[in-house]
Amino acid sequence: MSTLFVISGVTGMTGNELARKMIKRGDHVIGFDNFFASSLDTVRDILDKSEFKFYEMDLNSKKEMMDIRNQVLEKSRFYKKLVYVNCAAVVHTEHFYHVYQTYQTNVEGMKNFLEQAIEVNADAFINCSTSEVYSMQSWSENGVREDDYILMATAENSQRTSYAAGKLLTEFFMKDAVDQGKIKGCSMRFANVYSKNERYPKHIIPHIMNSLAKNRRVVLLENSRKNRRTFLHNSDSCDAVLAVIDHESALDGTVYNVATQEEVTILDLVKRCAKVLHIEQYDIVFEGYRESDPERRILSTEKLQRRTGWEPKITLEEGLKMCAGSYKKGMEI
Ligand SMILES: NC(=O)c1ccc[n+]([C@@H]2O[C@H](COP(=O)([O-])OP(=O)(O)OC[C@H]3O[C@@H](n4cnc5c(N)ncnc54)[C@H](O)[C@@H]3O)[C@@H](O)[C@H]2O)c1
């Protein structure tokens with residue numbers, strides 16, 4: 001007997017890849033999304049599969065979430081395991097400043113979804129959190145660890161931190177539910193996930209590739225003169241979710257960093273994108289400044305590796321080649 005997964009935000013970058021991987025394993029997925037930041041295109045290849053059931057629904061709608069609950073109750077007895085994965089969120093940087101909207105979906109929505117998982121007696125709940133919770137203390141010599149203290153930018157500095165503060169609160173909900181014996185689960189602090197299918201123009205890799213391909217000119221924030229980041233391919237981030245699900249002892253309510261150790265400057269990222277697109281000449285222009293943006297973000301993933309054996313498989317060079325291939329196909333560069 002297989003597992004029934006219930007995925008919120010299933011047409012998003014993490015959700016659609018997870019659904020594909022789960023179906024490939026022989027499991028079944030009930031997924032929903034309100035298309036806040038995605039479309040049906042991302043799951044078109046699995047839409048007609050009997051293992052996948054999609055609903056256009058909103059995490060913030062009580063009625064629609066009741067419909068999901070009823071669907072799950074009807075079906076779950078035919079499966080060995082029932083697992084909820086909360087991918088739905090107001091994610092992208094431009095939205096981080098909309099405090100209430102971010103709070104409603106990311107905090108209230110997550111809490112209600114977790115309560116539903118507990119009510120239907122799900123075996124586990126995976127909470128997608130973020131490396132943004134490390135805020136201004138996002139790096140250290142050997143990478144920041146999950147139990148390191150956090151130096152957070154506040155409303156005095158930037159409304160942007162409301163996203164991180166909300167996600168941090170969901171980690172407490174997750175821990176509390178597990179500590180009280182209501183469900184198993186954990187939180188995943190992803191760091192800068194990207195995918196070859198990503199088209200969101202505000203995300204750094206699509207932004208750079210688009211700008212290079214169309215104008216041979218990339219506009220970057222002033223912060224990019226110094227900033228460095230690691231980038232995690234979404235196949236690897238989804239494998240991390242599957243790894244914790246497959247290791248019950250990892251579902252202890254705690255938090256896992258999910259990242260690579262391959263740090264690059266943003267300027268080097270532009271150079272690498274140009275290389276995989278075979279573009280030799282381009283300009284870089286600096287415009288604008290983002291408050292409370294850490295210069296580096298390096299996470300220790302020792303905990304996740306020790307407990308599950310997970311490690312990233314796709315190097316940045318391989319990942320960028322995949323992105324370039326998909327760009328060329330979609331845009332006839
Ligand atoms: N992409 C990253 O770099 C990154 C980094 C850290 C954490 N995360 C977290 O991982 C999770 C997945 O992120 P992602 O990269 O797939 O982002 P994404 O924006 O691609 O996916 C999120 C999905 O949630 C959907 N959604 C938003 N509000 C909704 C609502 N009210 N009801 C139903 N669906 C709704 C969106 O339409 C979108 O499809 C999120 O919780 C995010 O905070 C992502």
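A cavity is a set of points on a 1 Å grid over the protein atoms alone where a 1.4 Å probe fits but cannot get out; lining residues have an atom within 4 Å of a point. This model is predicted: local features need pLDDT of at least 70, side-chain atom pairs count only at pLDDT 80 or more, and totals for chains, interfaces and linings use all residues. Residues are numbered from 1 along each chain as its sequence is written, and side-chain values use heavy atoms, leaving out hydrogens and water.

**View 1. The largest cavity and its lining.**
The count is 1 cavity of 30 Å³ or more. The largest cavity holds about 60 Å³, the volume being the space filled by probe spheres set on grid points joined across faces, edges and corners. Its lining is made up of Glu132, Ser135, Arg160, Thr161, Ala164, Ser292, Pro294 and Arg297. By class, that lining has 2 nonpolar, 3 polar and 3 charged residues. Here Ala, Val, Leu, Ile, Met, Phe, Trp, Tyr, Cys and Pro are nonpolar, Asp, Glu, Lys and Arg are charged, and the others, Gly among them, are polar.

**View 2. Ser135, a cavity-lining residue with positive phi.**
Ser135 is one of the residues that line the largest cavity. It sits in the loop between β5 (124-130) and α4 (161-179). Helices (H or I, at least four residues) and strands (E, at least two) are DSSP runs, numbered from the N terminus. Phi of Ser135 is near 45°, a positive value in a residue other than glycine. Is Ser135 buried or exposed? Ser135 has a relative accessible area of 7%, so it counts as buried. The classes are buried under 20%, exposed over 50% and partly exposed in between (1.4 Å probe, protein chains only).

**View 3. The second largest pocket.**
A pocket is an open set of points with protein on both sides within 12 Å along at least five of seven lines. The second largest pocket encloses about 330 Å³ of space. Its lining has 15 residues, and Leu59, Ser61, Lys62, Met65 and Asn112 lie nearest its centre. Helices α2 (62-75) and α3 (99-119) each supply at least two lining residues. Which helix gives the largest share of the lining? That is α3, with 8 residues. The classes come to 4 nonpolar, 6 polar and 5 charged residues.

**View 4. Val72 in α2 and Ala117.**
Val72 belongs to helix α2. With a relative accessible area of 0%, Val72 is buried. Val72 and Ala117 are 45 residues apart in sequence. Their C-alpha atoms are 9.6 Å apart in space.

**View 5. The ligand and its polar contacts.**
There are 29 residues around the ligand, with a heavy atom within 4 Å as the criterion. Asp33, Ser38, Tyr163, Lys167 and Val193 come nearest. Three polar contacts are shown (N or O pairs within 3.5 Å). Tyr163 places a polar side-chain atom 2.7 Å from a ligand oxygen atom. Asp58 has an N or O atom in its side chain 2.8 Å from a ligand nitrogen atom. Met13 makes its contact through the backbone: an N or O atom there lies 2.9 Å from a ligand oxygen atom.

**View 6. Strands β1 and β2.**
Strand β1 (residues 3-8) runs parallel to β2, paired over 5 bridges. Pairing requires at least two DSSP bridges between the strands. In β2, His28 is the bridge partner of Leu4. Strand β2 (residues 28-33) is mostly covered, with 5 of its 6 residues buried.

**View 7. Strand β8, its two faces and its partner.**
In a regular strand the side chains alternate between the two faces of the sheet. Which side chains of β8 (residues 217-220) point to the buried face? Val218 and Leu220 do, while Arg217 and Val219 point to the other face and are not buried. β8 pairs with strand β13 (residues 283-286) in the parallel sense over 4 bridges. Leu220 has Phe286 as its bridge partner in β13. Arg216 lies in the loop between α5 (204-215) and β8. Arg216 has a positive phi of about 55° although it is not a glycine. Its relative accessible area is 39%, which makes it partly exposed.

**View 8. Helix α8 and two contacts across the sequence.**
Glu302 is found in helix α8 (residues 302-308). Glu302 is partly exposed, at 37% relative accessible area. Glu302 and Arg145 are 157 residues apart in sequence, yet 8.3 Å apart in space, C-alpha to C-alpha. Tyr256 lies in strand β11 (residues 252-258). Tyr256 is buried, at 0% relative accessibility. Its C-alpha atom is separated by 5.9 Å from that of Leu304, 48 residues apart along the chain.

Key
Polar contact = N/O pair within 3.5 Å; in protein donor to acceptor, adjacent residues only side chain to side chain.
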